[in-house]
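Hello,

Here is the structure I promised to pass on. Please open it first, then read my notes below with the model beside you.

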Amino acid sequence: MLDRRTFLSNAAKTATITAASTQLRPLLAQSSQPAPRSPNDTIQLALIGAGIQGQGDTRTALQVPGVKLVAVADCYEGRLTHSKELWGSDLFTTRDYREILARKDVDAVLIATPDHWHKQAAVDTLHAGKDVYLEKPMIHIYSDGPEIIAAARSTNRILQVGSQRVSSIVYAKAKELLASGAIGKLNMVTARWDRNSSIGAWNYSIPLDASPTTCDWPRFLGSAPNVPFSAERFFQWRKWKDYGSGVAGDLFVHLFSGTHFITGANGPTRAMATGGLRFWNDGRDVYDVLLALFDYPQGFNLSLRVNFVDGGEESEGFLFTGSEGLMEIAGNTVTVTRTPLATEPGYIVSTFANEMQKQYLEQYRQKYPIKHPDGPPTQSVEKFTAPAGYSDSYDHFHNFFNSVRTRQQPVEDATFGFRAAGAALLGNLSVERGSIVHWDPETMKLT
């Protein structure tokens, strides 16, 4: 809840940002759909947000042939310096990403800002005539989704959301197996993501020179509440709702992307969640443990768990439960354990009188003759493992740049991204309201 003074301050700041962006768009907008590019053309890439995820994404993106990094924007001077150390002293760097958008040599932009900047950076970039790779979660608040979708459509630009499992050959195999009936009718999906380290809980290292001089604090805040400079908030922003989306936006969204891709579902219809701060009581206002249940109209339930207080190994995984077997995804491996359905219902007659037992068994065998004299069929196991060194992140960037070249729709467009992030944030909403929340996955609206 915001008091009146904070609300007015935020509104004024948002109006300033929006006005600046609106003034910029007529100068930068490209109204026509660009022609497909030659496979030999170099795609000139820019990065907005050169933090841990941004630099990691860029390293992967530059492994794709025909891609060159030409510009980087970030609010911390040290990251701009390091970007030149990594990718060349001739790299253009700035604290103001609008300077990147004004450059004619930029074809596509990788956006890896804090969540609360995703919408504005994406919309500005699309209206500047650039294609967008937008890190997950696509949204920070629900109103972000329709704005991003509308901007992508009106500008005819490519926008791909960065949940790489949608491009994974492991998940593609799981999708194929489920569609083939390998585990029968799906009735439940259980997914988890457990971490047991301080870094895993977002306590990222803070550089020794962090200060209002080296960090552009006003630009970082954007539309967030105006608070005094905090190095922790700047470099560990995921720990606060003002800038991030908690474990739901950071990790649930990956699990939703995987579930929706494999099952073909658009999302759940209702959600219920609980959680709390169990261990990391360090000033953060987002939970370190979150549990949630979701109902899907296709007739299955999704159970999600994220735990930053886990004493075991750090791990993530899926378990798909069907009427005839189980399918598990762990790392780069998918395993199906199939148990054939019983051909007869079975019986329990030991409490009946002896004569009644005899009569019951005679009638039972007349109705259910023995089909397998040597016993029922045994379980079968099928296992698929990706090649050593396989990277779905590389495949996701490869798919993005292919869309940039061909102008074909990306594997994870804004609608898919909104449905995944919108479903994930239902967990936060349920906890905040202390009740079940409802969602329409087709219209992508809270109901």
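Start with two neighbouring strands. β9 covers residues 289-295 and β10 covers residues 301-307. They run antiparallel, and seven bridges join them. One facing pair is easy to look up: D295 stands opposite N301 in β10. As background, strands of a sheet pair through backbone hydrogen bonds, either parallel or antiparallel.

Now zoom out. β9 and β10 belong to an open sheet of 10 strands. The order is β14-β13-β12-β11-β7-β10-β9-β8-β15-β16, and the pairing is mixed. β14 and β16 (445-446) are the edge strands, and each of them pairs on one side only.

A word on confidence. This is a predicted model. The average pLDDT of the protein is 91, and 91% of the residues score at least 70. Residues 1-31 are a stretch to treat separately: there the pLDDT is below 50. That stretch still has 39 contacts in the model beyond near neighbours in sequence.

Next, three loop residues.

G49 sits in the loop between β1 (43-48) and α2 (52-61). Is G49 buried or exposed? It counts as buried, because its relative accessibility is 9% and the cut-off for buried is under 20%. Leaving out residues up to four places away in sequence, G49 touches G54, A73, D74, A112 and T113. Take A73 from that list. G49 and A73 are 24 residues apart in sequence, yet their C-alpha atoms are 6.1 Å apart in space.

Q379 is found in the loop between α11 and β14 (380-385). This residue is exposed, because its relative accessible area is 53% and exposed means over 50%. Which residues does Q379 touch, not counting those up to four places away in sequence? They are T337, R338 and T339. Now look along the chain to D395, 16 residues from Q379. The C-alpha atoms of Q379 and D395 are separated by 34 Å.

F352 lies in the loop between β13 (333-338) and α11 (354-367). It is partly exposed, because its relative accessible area is 33%, and partly exposed runs between the 20% and 50% cut-offs. F352 is also one of the residues in a nonpolar patch on the surface. The other members are Y347, M356, Y360 and L361. Together the five have about 430 Å² of accessible area.

Try finding that patch on the model yourself, then write back with any questions.

Best wishes

Key. Residues numbered from 1 in each chain as written. Predicted model: local features only at pLDDT ≥ 70, side-chain atom pairs only at ≥ 80, totals over all residues. Heavy atoms only, no water. Patch = residues over 30% accessible without salt bridge, like charges linked within 9 Å, V, L, I, M, F, W, Y side chains within 5 Å. Areas by Shrake-Rupley, 256 points an atom, 1.4 Å probe, with all protein chains shown as cover. Salt bridge = Lys/Arg side-chain N within 4 Å of Asp/Glu carboxyl O. Helix = DSSP H or I, 4+ residues; strand = E, 2+ residues; numbered from the N terminus. Buried < 20%, exposed > 50% of the residue type's maximum accessible area, 1.4 Å probe, protein only. Contact = heavy atoms within 4.5 Å. pLDDT = per-residue confidence, 0-100. Pairing = 2+ DSSP bridges.
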